[in-house]
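Open the model in your viewer and keep the sequence panel visible. The stops below go from helix packing to charged pairs.

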Amino acid sequence: MEAMQTPQPKVSFKEQMHQAREDAILQSACRLLGEKAFDAMTMDDVANAVGIAKASLYKHFCSKEELCSAAMVQILERVQAYLAGLPADMPPLEKLHALVRWSLERLLTNEMPLLPSRNSTLRAVLMANKDYLNGLVTVSDQIGEWITQAQAQGVISPTLPPLVVLYTLYARACDPVVSFLKEGGQYSDAEIVELVVRTCFDGLAAR
């Protein structure tokens with residue numbers, strides 16, 4: 001006899017529209033955080049990007065800090081999903097390459113928010129956000145595991161503290177060299193990604 005399935009509660013059209021609008025708000029916030037960073041971005045910018053009144057925006061998020069915190073949490077969820085989707089049998093160094101490449105591709109399309117500065121109001125808010133901190137710990141632990149595995153295999157220098165390697169990889173997600181190269185117009189987006197990945201993992205020494 002087949003097990004009875006509990007029927008899922010129906011989501012009303014109004015709730016669906018509310019969620020769709022919230023998703024659009026978060027997407028616009030992520031893009032604006034990539035273009036302008038937190039301090040320069042305004043709630044007016046977000047409302048204009050979504051095409052809604054500022055008052056409607058405040059029905060979803062009561063402040064710029066709350067909105068941007070939600071956007072940063074969403075980004076971490078996307079990173080977690082990407083990491084979980086990598087093949088289990090992929091070598092750890094290749095996983096790190098893939099992560100950096102994915103991050104750079106998001107950065108080039110302004111889908112990766114710039115990290116808040118140390119004195120930013122957003123940073124203080126994020127440090128008090130349990131969802132953000134839990135997501136950051138989860139992502140850091142997974143990347144850290146791959147770093148130590150790669151060091152054990154001798155493909156990343158074991159003399160480097162894993163934390164230094166971790167922060168170096170994180171820094172690529174907001175590397176200004178990406179925008180410098182894109183603005184220069186000499187390289188395609190794909191070439192920029194490969195060049196930054198090479199300098200990140202191979203350094204500048206002649207081979």
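Start with helices H4 and H5, which are oblique to each other because their axes pack at an angle of about 140°, a value that falls outside the ranges for roughly antiparallel, over 145, and roughly perpendicular, 65 to 115. This is a predicted model. The two axes are 11 Å apart, and H4 passes H5 in a right-handed crossing. To see the contact, select Arg 78, Val 79, Tyr 82 and Leu 83 in H4 together with Ala 98, Leu 99, Trp 102 and Arg 106 in H5. Coloured by class, this contact shows six nonpolar residues, two charged ones and no polar ones.

Stay on Arg 106 of helix H5, the helix that spans residues 92-108. Is Arg 106 buried or exposed? Arg 106 has a relative accessible area of 15%, so it is buried, the limit being under 20%. Leaving aside residues up to four places away in sequence, Arg 106 touches Arg 78, Glu 111 and Met 112.

Next, keep H4 (residues 64-85) and add helix H7 (residues 130-152). How do H4 and H7 lie to each other? Their packing angle is about 30°, so the two helices are roughly parallel, a label given to angles under 35 degrees. Their axes are 9 Å apart, and the crossing is left-handed. On the H4 side, select Met 72, Val 73, Leu 76, Val 79, Gln 80 and Leu 83. On the H7 side, the partners include Tyr 132, Leu 136, Val 139, Ile 143 and Trp 146, as well as Asp 131 and Gln 142. The residues of this contact divide into 10 nonpolar, four polar and one charged.

Now swap H7 for helix H1 (residues 13-36), whose axis comes within 9 Å of that of H4. The axes cross at roughly 90°, so H1 and H4 are roughly perpendicular to each other. From H1, pick Ile 25, Leu 26, Ala 29, Cys 30 and Leu 33; from H4, pick Leu 67, Cys 68, Ala 70, Ala 71, Met 72, Gln 74 and Ile 75. Here the classes are 11 nonpolar, one polar and no charged.

Turn to the charged side chains. Side chains of opposite charge can pair when their charged atoms come close. How many salt bridges does a search of the whole structure find? The search finds eight.

Select Asp 45 and Lys 36 first: their side chains meet in a salt bridge, with N to O at 3.0 Å. Asp 45 is buried, with a relative accessible area of 19%, while Lys 36 is partly exposed at 37%.

Then select Arg 101 and Glu 194, whose salt bridge has an N to O distance of 2.8 Å. Arg 101 lies in H5 and Glu 194 in helix H10 (residues 189-202), so this pair ties together parts that are 93 residues apart in sequence. Arg 101 counts as partly exposed at 24% relative accessibility, and Glu 194 is also partly exposed, with 35%.

For the last stop, show Asp 175 and Arg 172, where the closest N and O atoms of the salt bridge are 2.9 Å apart. Both Asp 175 and Arg 172 are buried. Finish by returning to Arg 106: salt bridges that share partners join Arg 78, Arg 106 and Glu 111 into one network.

Note on methods:
Residues numbered from 1 in each chain as written. Predicted model: local features only at pLDDT ≥ 70, side-chain atom pairs only at ≥ 80, totals over all residues. Heavy atoms only, no water. Helix = DSSP H or I, 4+ residues; strand = E, 2+ residues; numbered from the N terminus. Buried < 20%, exposed > 50% of the residue type's maximum accessible area, 1.4 Å probe, protein only. Contact = heavy atoms within 4.5 Å. Axes fitted to C-alpha atoms, helices over the stretch in contact; angles between N-to-C directions. Left-handed = near helix turned anticlockwise from the far one by under 90°. Nonpolar A, V, L, I, M, F, W, Y, C, P; charged D, E, K, R; others polar. Salt bridge = Lys/Arg side-chain N within 4 Å of Asp/Glu carboxyl O.
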